[in-house]
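Hi,

Here is the structure I promised to send over. Have a look at it first, and then read on for what turned up.

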Amino acid sequence: MKYIVKFCAYILVCTGLSFADEVGSSYNTSLSFNTEERISLGGVESSGWYVAPHFGYNLISNTATEGFNIKFDDGISFGLGFGVEIKKDIAFQIDIGYIRNDVDTITDGGGIGSEPDIEYTQVPLLFNWIWSPSGHPDIRPYVGVGLGVIRGEYESNEFISSDARWAVAGQIRAGFKVDLSTTSCFSFGYQFMLAQYSDNIDNHTFGIGLSFNF
């Protein structure tokens, strides 16, 4: 009887090891998405169009306007991008946003300063070319350049009038993207935007965003 038990145990052990080898050879713990086989929210084939909301932390370099030196507090930036993948790795994107920074201090030419409780807002509209190599399946870097217009406005105060001004704006951006699914990805990056008013204003934005394919 004991020989029969030993024989059955031997068969079970051998079967279990064979099954474990088969499972181990076919199981892969890594998770990645093929960016060349993306599906859209509306079906299997992707049209190449996408929408990209974004939110960021904005800093403005100290500047001067109308004879006054102005120091800005850190602010926020948010907006929405609409884009299309023109060909592999290259996309064209239109961005519209809203940037808000409080004014910390205003100093006149004589060195007399004040701390007004006012806001400075900017509304950019930019056209961008973005390159993101698809050869990186997990974390994909991206770089881009953009050009457009921007509308800036100070709140009315005793130093500066509240009239809005339009200017030409240009930007460069860089960061990385991480796929969340076959229809979406997460991004983190930095962008520098120069607004050419009568006096230039430099915007430095560190932001996060999402992208959803149609």
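Which side chain does R100 meet in a salt bridge? The partner is D102, with 3.2 Å from N to O. Before going further, please keep in mind that this is a predicted model.

Since we're on charges, let me finish with those. A search of the whole structure turns up five salt bridges. One of them brings the side chains of D95 and R173 together at 2.5 Å, N to O. That pair ties distant parts of the chain to each other, with D95 in strand β5, R173 in strand β9, and the two positions 78 residues apart. D95 and R173 are both buried, where buried stands for under 20% relative accessible area.

The R100 and D102 pair sits in another setting. R100 has 26% relative accessibility, so it counts as partly exposed, and D102 gets that label too, at 23%. A further salt bridge joins the side chains of R151 and E153, at 3.3 Å from N to O. Here R151 is partly exposed because its relative accessibility is 29%, and E153 is partly exposed with a relative accessible area of 24%. There is also a network: R100, D102 and E119 are joined by salt bridges that share partners.

Now the strands. β1 (residues 49-60) runs antiparallel to β4 (residues 75-87), and 10 bridges join the two. β1 also pairs with β11 (residues 200-213), again in the antiparallel sense, over nine bridges. If you want one residue to find your way by, try G56: it faces S77 in β4 and G207 in β11.

β11 has two more residues to click on. D202 is found in this strand and comes out as partly exposed, because its relative accessibility is 25%. D202 and N62 are 140 residues apart in sequence, yet their C-alpha atoms lie 8.3 Å apart in space. Leaving out residues up to four places away in sequence, D202 touches L59, I60, S61, F192, M193 and L194.

The other one is I208, also in β11. I208 is partly exposed, with a relative accessible area of 41%. I208 belongs to a nonpolar patch on the surface, together with F55, I76, F78, I139, F176 and F188. The accessible area of this patch adds up to about 610 Å².

And what about the inside? The largest nonpolar core holds 18 residues, and the ones with the most contacts inside it are F72, V103, Y120, I150, Y154 and Y197. Two or more residues come from each of β3 (68-72), β5 (90-107), β7 (119-131), β8 (139-154), β9 (165-179) and β10 (184-196). Apart from this core lies another, of five residues, including Y50, A52, I130 and Y142.

I150 is a good place to start browsing the 18-residue core. Setting aside neighbours within four places in sequence, I150 is in contact with Q122, V123, P124, R165, W166, A167, A169, M193, A195 and Y197. M193 may look familiar, as it is also on the list of residues that D202 touches.

That's the tour. Shout if anything looks odd on your screen.

Cheers

Key: Residues are numbered from 1 along each chain as its sequence is written. This is a predicted model: local features need pLDDT of at least 70, side-chain atom pairs count only at pLDDT 80 or more; totals for chains, interfaces and linings use all residues. Side-chain values use heavy atoms; hydrogens and water are left out. Two strands pair if DSSP finds at least two bridges between them. Helices (H or I, at least four residues) and strands (E, at least two) are DSSP runs, numbered from the N terminus. A nonpolar core is a set of buried Ala, Val, Leu, Ile, Met, Phe, Trp, Tyr and Cys residues joined through side-chain atoms within 4.5 Å. Buried means under 20% relative accessible area, exposed over 50%, partly exposed in between (1.4 Å probe, protein chains only). Contact means heavy atoms within 4.5 Å. Patches are made of residues with over 30% relative accessible area and no salt bridge: like charges are joined within 9 Å, nonpolar side chains (Val, Leu, Ile, Met, Phe, Trp, Tyr) within 5 Å. Accessible areas come from the Shrake-Rupley method with a 1.4 Å probe; for residues, only the protein chains shown count as cover. A salt bridge is a side-chain nitrogen of Lys or Arg within 4 Å of a carboxyl oxygen of Asp or Glu.
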